[in-house]
Amino acid sequence: MRRITIALMSLLPLTSGAAASGGFGCDAQDGKVEFLFESGMTRGMGSPVFNFRGSVEIKSKDVAADLRQMEFNGAHLAQYWSEDGQLNLVIYREREGDKPHGYVQIVIRTKGDEEGLRGRYELTVFDGVNDATPEGETYTASDKVECMVE
């Protein structure tokens, strides 16, 4: 949670007024994955996000090296919604280059309680067709996530 607080503090210079904008951050650290996602978010008009960014590090050696560590930006935030004490995100990035199709997808679902936003993440990594696995390989993981909205 400390990382989220520090990350959100870095967004403050990007906001143009406390009542007009804020931000959110979500992070997880477990034996399977480490990630941090953060963004500015305006109030009203559907609460659009700005300056979305993040990174993920997948610990499993079963995942190809180029998919184990990825950086994300606003183009990779496929969906998000924040209402009634919930924050939910779908983050998706495809492999670049000439290797077979592959992607990393992280779905975050949270609900607010007296201590903040808590929930679960679901990670899916797909690594496309190759000689050893003509149907491709899928790696999944899920665990707890914490988010903060200001």
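## Working through a nine-strand sheet

The protein chain has an accessible surface of about 8,200 Å², and 49% of that belongs to carbon and sulfur atoms (areas come from the Shrake-Rupley method with a 1.4 Å probe, and for residues only the protein chains shown count as cover). This is a predicted model, where local features need pLDDT of at least 70 and side-chain atom pairs count only at pLDDT 80 or more, while totals for chains, interfaces and linings use all residues. Residues are numbered from 1 along each chain as its sequence is written, and side-chain values use heavy atoms, with hydrogens and water left out.

### Exercise 1: Take stock of the chain

Task: work out how many helices and strands the protein chain has, and in what pattern they follow.

Step 1. Count the elements: there are 2 helices and 9 strands. Both are DSSP runs numbered from the N terminus, helices being H or I with at least four residues and strands E with at least two.

Step 2. Read along the sequence, and you get α-β-β-β-α-β-β-β-β-β-β.

Step 3. Check the burial: 41% of the 150 residues are buried (buried is under 20% relative accessible area, exposed over 50%, partly exposed in between, with a 1.4 Å probe and protein chains only).

Step 4. Look at the contacts (heavy atoms within 4.5 Å). Of those with a separation of 6 or more, 45% are between residues 24 or more positions apart.

### Exercise 2: Put the strands in order

Task: find the order of the strands in the sheet, and say which strands stand at the edges.

Step 1. Use the pairing rule: two strands pair if DSSP finds at least two bridges between them.

Step 2. Follow the partners across, and the 9 strands give an open, antiparallel sheet in the order S4-S3-S2-S1-S9-S8-S7-S6-S5.

Step 3. Now the edges. Strand S4 (69-73) and S5 each have a single partner strand, so one side of each has no neighbour in the sheet.

Step 4. Add the twist, which averages 15° from one strand to the next (axes are lines fitted to C-alpha atoms, for helices over the stretch in contact, and angles run from 0 to 180 degrees between N-to-C directions).

### Exercise 3: Count the bridges

Task: trace the pairing of S5 with S6, S6 with S7 and S8 with S9.

Step 1. S5 (residues 77-83) and S6 (residues 86-94) run antiparallel over 6 bridges, with Gln-79 opposite Val-90 in S6.

Step 2. Their hairpin has 2 residues between the strands, and Asp-84 takes a positive phi near 50° there.

Step 3. S6 and S7 (residues 102-113) are antiparallel over 9 bridges; Leu-89 has Ile-108 in S7 as its bridge partner.

Step 4. S8 (residues 116-127) and S9 are antiparallel too, joined by 11 bridges, and Arg-120 stands opposite Lys-144 in S9.

### Exercise 4: Find the disulfide

Task: find which cysteines form a disulfide, and settle whether they are buried or exposed.

Step 1. Search the whole structure for cysteine sulfur atoms within 2.5 Å; the search turns up 1 disulfide.

Step 2. The partners are Cys-26 and Cys-147, with sulfur atoms 2.0 Å apart. This pair links distant parts of the chain, 121 residues apart: Cys-26 is in S1 (residues 21-29) and Cys-147 in S9 (residues 137-149).

Step 3. Check the handedness: the torsion about the S-S bond of Cys-26 and Cys-147 is about 115°, so the disulfide is right-handed.

Step 4. Cys-26 and Cys-147 are both buried.

### Exercise 5: Sort the aromatic pairs

Task: classify the ring pairs Phe-24 with Tyr-80 and Tyr-92 with Tyr-103.

Step 1. Apply the rule: rings of Phe, Tyr and Trp (its six-membered ring) pair if their centres lie within 6.5 Å, and planes under 30 degrees apart are stacked, over 60 edge-to-face and the rest tilted. The count comes to 7 aromatic pairs.

Step 2. Phe-24 and Tyr-80 have ring centres 6.1 Å apart and planes at 25°, so they are stacked. Phe-24 is in S1 and Tyr-80 in S5, 56 residues apart, and both are buried.

Step 3. Tyr-92 and Tyr-103 have ring centres 5.1 Å apart and planes at 35°, so this pair is tilted. Tyr-92 is partly exposed, at 25% relative accessible area.

Step 4. Finish with the cluster: Phe-35, Phe-37, Phe-52, Phe-72 and Tyr-121 form one aromatic cluster.
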